[in-house]
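Have a look at the chain below and turn it around a few times. Then let's walk through it together, from the overall picture down to a few odd spots.

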Amino acid sequence: MEEPRRCRVRRYRFTEGPATLVLRIPEVLDPQYGMFAWPCAVVLAQFLWARRSSLPGKRVLELGAGVGLPGVLAAKCGAEVTLSDSEELPRCLQNCRRSCGANGLPGLPVLGLTWGRLGPALLALPAVDIILGSDVFFDPKDFEDILTTVYFLLEKNPHAQFWTTYQVRSADWSIEALLCKWKLKSSHIPLHSFGADKEHLASSPLPGRHTIEMMIISLAEPDGT
């Protein structure tokens, strides 16, 4: 018999002046990466919080959502959000749905989308303005699959952008060659520009002392710029 997994609900509090948003995120102590919030998710959620006035009505897709912290925040700020994670991780998808319910968003779509696979769910997606991904650049063997999916989405939605945070784990980490191959460009976003240059964010111990970076990826111009 499989041992029961411990579940906890962690509260993340985002504040700026009189504005406050508290999110309740169920986390499960589980070897699957997507069952609890990672530092990159809190940084990306902070970026969305800093730009919350631009979110109402925006169509947002989160890739590799895990517990869905950034996507849930975007939805609470008025965006039309779809959350997704690998169709091969049903427990992760179920926990993502649990996050939606815990924050009063029981009808938020949660889809099984596997990076690099042009399945029916990906092909049927409606138009998007913003694609989110926190710590999706974790395992180098997945990098091209991720960018294949991002390129497909940006080709369908040329004015969209991919907002992504990643943890610096290796000095050799780079996706520049893959960006060039897939005709994509990136711009670096300093963490201090959106109040994320702190060890503690959103009343949580994350990101701690981890080195987190943020970038925005979009289609390159025909001349490669």
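What follows starts with the whole chain and then visits single elements and residues.

First, some ground rules: this is a predicted model, where local features need pLDDT of at least 70 and side-chain atom pairs count only at pLDDT 80 or more, while totals for chains, interfaces and linings use all residues. Residues are numbered from 1 along each chain as its sequence is written, and side-chain values use heavy atoms, with hydrogens and water left out.

So what is the chain built from? It has six helices and 11 strands; these are DSSP runs numbered from the N terminus, with helices being H or I over at least four residues and strands E over at least two. The C-alpha atoms fill a box of roughly 50 × 45 × 40 Å along the principal axes. The radius of gyration is 17 Å, which agrees with the value near 17 Å that a compact globule of 225 residues would have. That radius is taken over C-alpha atoms, and the globule rule is 2.2 Å times the number of residues to the power 0.38.

How much of the chain is buried? Of the 225 residues, 50% count as buried. Here buried means under 20% relative accessible area, exposed means over 50%, and partly exposed is in between, using a 1.4 Å probe and protein chains only. The accessible surface comes to about 10800 Å², and 54% of that belongs to carbon and sulfur atoms; the areas come from the Shrake-Rupley method with a 1.4 Å probe, and for residues only the protein chains shown count as cover.

Contacts also reach across the sequence. If you take the contacts with a separation of 6 or more, residues 24 or more positions apart account for 72% of them, where contact means heavy atoms within 4.5 Å.

Now pick out helix α5, residues 143–156. Its 14 residues reach 20 Å from the first C-alpha to the last, close to the 20 Å expected at 1.5 Å a residue; the expected span is 1.5 Å times one less than the number of residues. Among the buried residues of α5 are F143, I146, L147 and F152.

Just step back to the loop between β6 (130–134) and α5, and you'll find D139. D139 counts as partly exposed because its relative accessibility is 26%. From D139 to W49 it's 90 residues in sequence and 27 Å in space, C-alpha to C-alpha. The loop between β6 and α5 also holds D135, which counts as buried at 11% relative accessibility.

D135 brings us to the backbone oddities. Most residues other than glycine have a negative phi, and most peptide bonds are trans. D135, though not a glycine, has a positive phi of about 60°. A202 is another non-glycine residue with a positive phi, near 55°. A202 sits in the loop between β9 (200–201) and β10, and at 9% relative accessibility A202 counts as buried. Move on to strand β10, residues 204–207, and you'll meet P207. The peptide bond from L206 to P207 is cis, with omega near 5°.

One last stop is R98, in helix α3 (residues 90–102). Is R98 buried or partly exposed? R98 is partly exposed, with a relative accessible area of 37%. Leaving aside residues up to four places away in sequence, R98 touches P26 and V28.
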